[in-house]
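Please load the structure in your viewer and keep the selection tool at hand. The tour below proceeds by selection, and each stop states what is to be found there.

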Amino acid sequence: MEVEGKKEQPKLNKYALGCAIVASLISIIFGYDTGVMSGASIFIKEDLKLNDTQIEILAGILNVCALVGSLLSGKTSDMIGRRYTIVVASLIFFVGAILMGYSPNFAILMTGRCIAGLGVGFALMIAPVYSAEISSSSHRGALTSLPELCITLGILIGYISNYAFAKLPLKLGWRMMLGVAAIPSIGLAFGILKLPESPRWLVLQGRLKDAKEVLFVVCDSKEEAQSRFIDIKVAAGLSENCDEDVVIPSQKAATGAGVWKELLIRPTPTVRRIFIAACGIHFFQHLTGIEAVILYSPRIFKKAGVVGKQKLLLATIGVGITKAIFILTATCYLDRFGRRKLLLISVGGVITSLSILGFCLTMVDHSKKELLWALSLSIISTYIYVAFFSIGLGPITWVYTSEIFPLRLRAQGACIGVAINRGMNAAISMSFISIYKAITIGGAFFMFAGFSTLAGLFFFFFLPETKGKALEEIEMLFTKGSDVQPRTEVVTV
């Protein structure tokens, strides 16, 4: 019999989970490139005789180029599909890693870093979008947060790589740190071809039969597949009764033409609110200072009193482990507690821990003797900061942006969010050393605490809850006067 209105959580489809995991592996490579540079820069500076300004540029250029890559990724994804866009990102990473591993001088190293940055831009947009479009509404939060979990695992592997390769001769060690990323890049480029294409992209191309076949394998029942298929057709501007195997799509829908105009020049009030929410969450994510902590954690610990390269790298590995544990926690609970609640808890913890870290580092700066309590509390507050960031701001930024845009605007709307994210990331990573030299390192973290407070206010007033809503329903949350309720599941017993 059928029981209507029963609140029963549908099971997680294992095939959809597998697809999301494989697609998210591209994010491990990006995370590795970010994490490994925190330790590699110590050895690069010594080997190539670079100054602090060159190290800042080397760290930040990845995100400047990622901004360009992200702006290209949306249109590319609409034209060649989500799956082949991941292949393109993998091949770009491969070329960048080879150049960085070979680099005999600063110019070649920068070239490799720039090319890898283009791959980052593609990866950051496409992995969450693919995962969101392949998953059901009841498990979308968990599957769409997998790319952020993979970024974190990549960062942790990068930290461990720093520690392992640091024992090699100076000229070989940092080149191995950067070059080994080529191996998983080429493997993923071939592996991704085994995945199905996004059913939502297939519908936009008019390939209804192919889309329906994909939905049958990523859904747990024919009823769920049929329900999602109807929603996608309506969102794509087709009749829900259309039973053709193939329809001729409009050129505009198939290639994403006209999306920029609809997003930026003549948006509807609903699209404008969605656009502000997406841009705002990406803008504020990096104003909380996460890039400063991830990229420059060895410098932070050194300022706090930790001495010796091996001890600095070990303390940094602790940052990676903390981030991985709490991202995994967020992945498990995103669909239970919702995006908004976890986001507000996250920003509250970030403000508190940043304030404590700023206070401790200020005390260390102004003391003529070693303050053991300040050293200990600096390390603890850094780990607490990373933990709170990782249960909310880290994964939810990507989950939220990948799900709030309407189908026709999703890829290119998400790519604008990624561009803002990378722009802010580059601004922080390329200026942090200069900032803390100007206002002290403690002052820099007080500044980030102030920005985090503004972020909390923005999240509270501008971001509605999206938990449990189908992708095709979320647009209505941003329409004034709407009252969208979670879909009632029909469970067969």
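## Stop 1: Phe275 and its surroundings

Select Phe275, which lies in helix H14 (residues 269-287). Bear in mind throughout that this is a predicted model. Is Phe275 buried or exposed? Its relative accessible area is 17%, and because buried means under 20%, Phe275 counts as buried.

Next, display the residues around Phe275. If neighbours within four places in sequence are left aside, Phe275 is in contact with Leu263, Leu264, Phe405 and Ile416. For a contrast in position, add Tyr32 to the selection: Phe275 and Tyr32 are 243 residues apart in sequence, and their C-alpha atoms are 30 Å apart in space.

## Stop 2: Salt bridges

Side chains of opposite charge can pair when their charged atoms come close. How many salt bridges does a search of the whole structure find? The search finds 13 salt bridges. Three of these pairs are visited here.

Select Glu133 and Arg410, whose side chains meet in a salt bridge with an N to O distance of 3.1 Å. The pair links distant parts of the chain: Glu133 belongs to helix H4 (residues 106-134) and Arg410 to helix H20 (residues 410-439), 277 residues apart. Glu133 is buried, at 0% relative accessibility, and Arg410 is buried as well, with a relative accessible area of 1%. Extend the selection to Asp78 and Arg82, and a network of salt bridges linking Asp78, Arg82, Glu133 and Arg410 comes into view.

Now move to Glu403 and Arg140. Their salt bridge has its closest N and O atoms 2.7 Å apart. Glu403 lies in helix H19 (residues 393-404) and Arg140 in helix H5 (residues 140-144), so this pair ties together parts that are 263 residues apart in sequence. Both Glu403 and Arg140 are buried.

The third pair is Asp335 and Arg339, which form a salt bridge with the closest N and O atoms 3.1 Å apart. Asp335 has 15% relative accessibility and counts as buried; Arg339 is buried, with a relative accessible area of 1%.

## Stop 3: A nonpolar surface patch

Switch to a surface representation and select Ile356, Phe359, Met363, Trp373, Leu377, Ile380, Ile384 and Phe446. These residues make a nonpolar surface patch of about 680 Å². Which helices each supply at least two residues of the nonpolar patch? They are helix H17 (339-366) and helix H18 (372-391). The largest share, four residues, comes from H18.

Within helix H18, pick out Leu377. Leu377 is partly exposed, with a relative accessible area of 33%. Its value is over 30%, so Leu377 meets the accessibility cut-off for a patch residue.

## Stop 4: Ala387 in helix H18

Remain on helix H18 and select Ala387. At 10% relative accessibility, Ala387 counts as buried. Which residues does Ala387 touch, not counting residues up to four places away in sequence? Ala387 touches Thr322 and Phe326. A distance label between the C-alpha atoms of Ala387 and Phe326 should read 5.6 Å, although the two residues are 61 residues apart along the chain.

## Stop 5: A negative surface patch

Select Glu213, Asp243, Glu244 and Asp245, which form a negative surface patch. Asp245 is found in the loop between helix H11 (222-235) and helix H12 (251-255). Asp245 is partly exposed, with a relative accessible area of 42%.

## Stop 6: Two positive phi angles

The final stop concerns the backbone. Select Lys49, in the loop between helix H1 (14-48) and helix H2 (52-80). Phi of Lys49 is near 55°, a positive value in a residue other than glycine. Lys49 counts as exposed, at 67% relative accessibility.

Then select Thr440, in the loop between H20 and helix H21 (441-462). Thr440 has a positive phi of about 75° although it is not a glycine. At 32% relative accessibility, Thr440 counts as partly exposed.

Note on methods:
Residues numbered from 1 in each chain as written. Predicted model: local features only at pLDDT ≥ 70, side-chain atom pairs only at ≥ 80, totals over all residues. Heavy atoms only, no water. Patch = residues over 30% accessible without salt bridge, like charges linked within 9 Å, V, L, I, M, F, W, Y side chains within 5 Å. Areas by Shrake-Rupley, 256 points an atom, 1.4 Å probe, with all protein chains shown as cover. Salt bridge = Lys/Arg side-chain N within 4 Å of Asp/Glu carboxyl O. Lys, Arg positive; Asp, Glu negative; His and termini not counted. Charge placed at Lys NZ, Arg CZ, Asp CG, Glu CD. Buried < 20%, exposed > 50% of the residue type's maximum accessible area, 1.4 Å probe, protein only. Contact = heavy atoms within 4.5 Å.
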